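Work through the exercises below with the sequence and the 3D structure in view. Each task is followed by a solution in steps.

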Amino acid sequence: MKLILPLVLIFTIITMNAQQLPKVAFGVIQKFDSLPSKYVAARNVDVWLPENYTVEKKYDVLYMQDGQMLFDSTTTWNKQEWGVDETVNQLISEKKIRECIVVGIWNGQKLRHFEYFPQKAFEAIPQHKRDSIYNDILKNDRGYKGVKMQSDNYLRFLVEELKPLIDERYATRPEKEHTFIAGSSMGALISMYAICEYPEVFGGAACISTHWPGLFTLENNPVPEAFMTYLSEALPDPKTHKFYFDHGTETLDALYPSIQKQADSILKSKGFTRKNWITKVFKGDDHSENSWKQRLHIPLEFLLKKK
């Protein structure tokens with residue numbers, strides 16, 4: 001895949017001013033500030049490089065949604081973070097995972113719901129029900145009136161623009177066996193969608209507290225059924241791909257158990273086993289970065305385990 005952006009532009013948009021970078025305890029952050037795209041609105045991208053990163057090596061790459069929430073709680077809206085640098089650094093130091101780069105893609109703020117909602121599943125829902133879904137999203141002030149679902153374009157941004165840029169700029173292993181994607185809540189949905197739509201690009205997905213309802217209620221909600229139908233038709237080859245799912249039991253996560261069990265049944269029917277698929281339940285965990293931080297090591301070890 002050819003690089004979309006000219007190298008001159010690449011170097012002008014990488015921000016090296018420490019005051020503008022998330023503070024990390026390990027490794028280093030390089031920031032692409034307002035990275036332009038022909039598919040989606042410009043956004044920041046934080047690239048975390050591990051300790052002693054060198055171009056003499058080759059690294060796996062983990063793409064993560066909601067990039068502004070990953071590294072530095074002093075800059076986040078709720079003063080929470082995933083603690084990605086601490087967790088990844090520890091796992092690498094303990095030789096539990098392969099050395100990797102983490103690409104934190106900032107979300108589109110009020111466009112987030114529209115960029116992360118799996119588009120093909122949404123478009124399979126009857127029109128009058130789609131209208132109702134839009135109204136529910138707008139009612140929760142999570143979008144702009146008149147905006148359409150744009151997760152297909154978001155994935156094109158990832159695959160056609162961002163990944164070639166990362167592979168050109170950094171010492172990566174570009175093959176799908178070394179390329180992974182992860183996120184929580186709606187970010188988990190788009191990560192699931194990404195590996196289904198681009199199985200030749202992504203070899204594994206970590207879907208944490210997957211927001212199967214798509215909305216904020218299960219009552220008269222056609223979304224979960226649409227997602228299950230999509231999964232049954234679009235899952236990638238279990239021989240060459242890995243899935244990690246989980247959820248807690250408190251706050252928003254309390255909506256997920258019954259739907260996750262349906263998804264698990266579909267994965268099993270399509271040939272996924274304990275070798276390439278895990279679903280975990282964390283009793284007492286809520287829907288927050290603090291909870292995801294505590295269990296992040298589990299999907300990372302599953303996806304990036306040293307052979």
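**Exercise 1. List the buried residues of helix H7 and state how enclosed the helix is.**

Step 1. The buried residues of H7 are Met186, Gly187, Ala188, Leu189, Ile190, Ser191, Met192, Tyr193, Ala194, Ile195 and Cys196. Buried means under 20% relative accessible area, exposed means over 50%, and partly exposed lies in between (1.4 Å probe, protein chains only). Helices (H or I, at least four residues) and strands (E, at least two) are DSSP runs, numbered from the N terminus.

Step 2. Because 11 of the 12 residues of H7 are buried, the helix is largely enclosed by the rest of the structure.

Step 3. This is a predicted model, in which local features need pLDDT of at least 70 and side-chain atom pairs count only at pLDDT 80 or more, while totals for chains, interfaces and linings use all residues. Residues are numbered from 1 along each chain as its sequence is written, and side-chain values use heavy atoms, with hydrogens and water left out.

**Exercise 2. Check the length of H7 against its expected span.**

Step 1. The expected span of a helix is 1.5 Å times one less than its number of residues.

Step 2. For the 12 residues of H7 this gives 16 Å, and the end C-alpha atoms are 16 Å apart, which agrees.

**Exercise 3. Describe the nonpolar cores and the part that H7 plays in the largest one.**

Step 1. A nonpolar core is a set of buried Ala, Val, Leu, Ile, Met, Phe, Trp, Tyr and Cys residues joined through side-chain atoms within 4.5 Å.

Step 2. The largest core has 68 residues, and those with the most contacts inside it are Leu162, Met192, Trp212 and Phe243. Helix H7 (residues 186–197) gives the largest share of this core, nine residues.

Step 3. A second, separate core holds 30 residues, including Leu70, Trp82, Val88 and Cys100.

Step 4. Leaving aside residues up to four places away in sequence, Leu162 touches Leu35, Val45, Tyr63, Val103, Ile105 and Phe157. Contact means heavy atoms within 4.5 Å.

**Exercise 4. Count the disulfides and explain the result for Cys100 and Cys196.**

Step 1. A disulfide is a pair of cysteine sulfur atoms within 2.5 Å. By this rule the count is zero.

Step 2. The closest cysteine sulfur to that of Cys100 is in Cys207, 17 Å away, so it is too far for a bond. Cys100 is buried, with a relative accessible area of 0%.

Step 3. For Cys196 the closest cysteine sulfur is also in Cys207, at 8.4 Å, again too far for a bond. Cys196 counts as buried at 7% relative accessibility.

**Exercise 5. Find which residues of H2 are buried and what they pack against.**

Step 1. Seven of the 10 residues of helix H2 (residues 84–93) are buried, and the helix is mostly covered. They are Val84, Asp85, Thr87, Val88, Asn89, Leu91 and Ile92.

Step 2. These buried residues pack against strand S3 (43–49), strand S4 (60–64), strand S5 (100–105), helix H10 (289–295) and helix H11 (297–304).

Step 3. Just after H2, Lys95 takes a positive phi of about 60°.

**Exercise 6. Describe the protein chain as a whole.**

Step 1. Its secondary structure comes to 11 helices and nine strands.

Step 2. Of the 307 residues of the protein chain, 58% count as buried.

Step 3. The C-alpha atoms of the protein chain fill a box of roughly 55 × 40 × 40 Å, taken along the principal axes.
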